[in-house]
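Please open the structure in your viewer with a cartoon representation and keep the selection panel at hand. The stops below are meant to be followed in order.

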Amino acid sequence: SCDASQLCNCSSMGLDFIPLGLTAKITVLNLAHNRIKHIQSQDLQQAVNLRALLLQSNKISSIDEDSFRSLARLELLDLSNNSLSHLSPVWFGHLFSLQHLNLQGNSYRDLGQSSPFSSLRNLSSLHLGSPQLSVIRQGNFEGIELLHKLWIDGSNLSQYEQGSLKSIKKINHMIINLRNSNIFSEIVRDLLHSVTWLEVTEIKLPVEKTSLVQNSTHPFRIQKLTLKKAFFTDQSISQAIVLLKEITSLKELEAINCVLQGKGFWDTEEIARSGQSFVEKVTIVNIMIQNFHLFFDLEGMESQINKLKRLTIASSNVFMVPCKLARHFLSLLYLDFHDNLLVSKRLNETICKGSWPLLQTLNLSQNSLKSLEETAKYVSRLPKLNNLDISQNNFGEIPDMCEWPKSLKYLNLSSTQIPKVTPCIPLTLEVLDVSANNLKEFGLQFPNLKELYLTRNQLKTLPGAAPIPNLVALSVRRNKLNSFSKEEFESFRRMELLDASDNNFICSCEFLSFIHHEAGIARVLVGWPDKYVCDSPLAVRGAQVGAVHLSLMECHRSLVVSLICVLVFLVILLLVAVGYKYHMVWYLRMTWAWLQAKRKPKRAPPKDVCYDAFVSYSENDSDWVENTMVRELEQACPPFRLCLHKRDFVPGKWIVDNIIDSIEKSHKTLFVLSEHFVQSEWCKYELDFSHFRLFDENNDTAILVLLEPIQSKAIPKRFCKLRKIMNTKTYLEWPAGEEQQQVFWENLRAALKS
């Protein structure tokens, strides 16, 4: 049950005794909410370094006297809510370092005949008492000189010996549950010189006429008195006001969750005779007054309020303050009427001319104000006002122009149902809160504005920086903000705090790039990084903006696609260039033609052979072919029928198919070879040499006629079949002499007949 720092949590484990084997390593031991009944001498003997021991909410009824002897370093001991019927000074005799001790909620009826705490010189906070505590005796607190906090549950305290608490020289804050009003005055007298803040709960304020400061000398220490869940009557409150004036050090009074049975019929004459009040701050929260609408106007109390500087009356059904009374708050700087029943028309009486002359801060939030124009008009009567909170009033509408105090610097209009912002809002403001109003835009000019709160609205972008050049803090939390750009962010030159948390951010590449590379943005963004979460893209939904990194493809999709297209185009261009240089198109087309030829029968049927020879020749040699060879062969006896592409190809048919068909319909193929033949453009050759089938058959259907001397090495490499034939087959050479030409024709005719 122990962690790395030796904090051992054994709470709520159903233990009946303190576990065995505790060592000197343990610093914190939590044994709360178990069933331990007895603490024995040896239980904690080895835990010499224990700093905190939590034993609350067990069933401890007995403790051996030397159980805590070894705990000289213990700083916190909690024995509350057990069954201890008495307290022994021996228990705490060796707890020299103890600072916090809680003994509340046990069954002891008194603290003994002497002080159980005499050896606790370092004690800072002490909680003791229970509904069973009935007696506090002199000497019970001997040895304690200084306490930061003392809390005594004396709800059933019936006997208090005068001077019991006087032994404590200084108590910063004392809380006492006290129902017995008869001993209230005695306790107050003992605490005049020691307590700074006294808090009394559940007291039924007595009608006390004996002075609270009798036989006491100045100066007093008590500065603040708080009454919680107290019960007053008109008579008791009148007397209390008189008696408390005697405590000249008292500056602050609080009444929280109290009940006043009465109608405000106070003895104002006696109150006035008793002199001036020294109280500067009064806070009244949730005071219940039956038939509050019948409460008197407190006429005659004017002399008691002119020194008051701060007044809070909250959640107490205040619906107006009489003008006569309001004009006597001559020193009041702070007035808080939040959560009451003030209405716009009654403000004419509450804030009449000449009232609250020095008021600087006014809180009218959570009332029933309906007209912003009227509220502004009445508030403008306060010449010193610079801080106004009228939030959580249902104004619903906002006029175009309003009259405000010229000194107004802070204005809270949050949750007022205003549909937009207009020039009604004063230009003098330094702080403006218009949160929770469903605003869709904010475009007003405020040259002095330093803080702007737009939380829980419908804004989709940050407000423009130009109209609010001096803005230091901006809150757009929980709006419809998707992102903000570097330009928007940097346009607020004086921005120190930006709260854009709890928005549905679109984590685009531009937004993420700005977030990741903007220096110091983590110091400016409030709630960073936990409260900044991506809503889209779907793949990163729910992830923190600062932790998201999108890929290059996601960030630059169009650029990547463009680059791919460019690369594909360049590859195609390169292939075209290579193909052009190495005649790839020619090879491809020849291959296609060859494949087509392969699918056809090896030989056309005899009935389809209609030519003696197909003549393949260069266009530059057409004169010799057409005028010489054709005449010599076709006019011979018997005549030969030749197939020439110019004359015999089928119009409209693909030229390669024409060539292949012509070869298949011819007994022989006659090649007229020359320099023109082998050096002409390669695109012409695909017409003349799309006849691979011919060479694949390894027969003698090919007849080569060499029109002029040509070396086989001069033939382009792509005509590898032709080069092979010229190296392996006999060919006919066209002679220059006429006598030899006759022999040439005879040989050619013989070859065609073979």
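How many bridges join β20 to strand β21, and in which sense do the two run? The model shown here is predicted. Select residues 334-336, which form β21, together with β20: three bridges join the two strands, and they run parallel.

**Stop 1: strand β20 and its partners**

Colour residues 310-314, the extent of β20. This strand is mostly covered, with four of its five residues buried. Next, add residues 281-285, strand β18, which is joined to β20 by five bridges and runs parallel to β20. In this pairing, K281 stands opposite R310 of β20. Strands of a sheet pair through backbone hydrogen bonds, in either a parallel or an antiparallel arrangement.

**Stop 2: T312**

Show the side chain of T312, a residue of β20. Is T312 buried or exposed? Its relative accessibility is 10%, and because buried means under 20%, T312 counts as buried. On the β21 side, the bridge partner of T312 is D336. Beyond its neighbours within four places in sequence, T312 is in contact with V282, T283 and I284, and also with Y334 and D336.

**Stop 3: an open three-stranded sheet**

Now select β15, β17 and β19, which form an open sheet in that order, with parallel pairing. Why is one side of β15 and of β19 left without a neighbour in the sheet? Strands β15 (231-233) and β19 (288-289) stand at the edges and each has a single partner strand, so one side of each remains unpaired in the sheet. Strand β17 covers residues 259-261 and pairs with β15 in the parallel sense over three bridges. To locate this pairing, display F232, which stands opposite L260 in β17. Then add residues 234-244: this is helix α2, which lies across β15 and β17 and runs at about 95° to β15.

**Stop 4: a surface patch**

Switch to a surface view and select V566, L567, F569, L570 and L573, which make a nonpolar surface patch of about 490 Å². One of these residues, L567, is found in helix α11, residues 557-581. L567 counts as exposed, with a relative accessibility of 54%.

**Stop 5: helix α15**

Finally, select residues 655-664, helix α15. Nine of its 10 residues are buried, so the helix is largely enclosed by the rest of the structure. The buried residues of α15 include V656, I659, I660 and I663, and also D657, D661 and E664.

Key:
Residues are numbered from 1 along each chain as its sequence is written. This is a predicted model: local features need pLDDT of at least 70, side-chain atom pairs count only at pLDDT 80 or more; totals for chains, interfaces and linings use all residues. Side-chain values use heavy atoms; hydrogens and water are left out. Two strands pair if DSSP finds at least two bridges between them. Contact means heavy atoms within 4.5 Å. Axes are lines fitted to C-alpha atoms, for helices over the stretch in contact, and angles run from 0 to 180 degrees between N-to-C directions. Buried means under 20% relative accessible area, exposed over 50%, partly exposed in between (1.4 Å probe, protein chains only). Patches are made of residues with over 30% relative accessible area and no salt bridge: like charges are joined within 9 Å, nonpolar side chains (Val, Leu, Ile, Met, Phe, Trp, Tyr) within 5 Å. Accessible areas come from the Shrake-Rupley method with a 1.4 Å probe; for residues, only the protein chains shown count as cover. A salt bridge is a side-chain nitrogen of Lys or Arg within 4 Å of a carboxyl oxygen of Asp or Glu.
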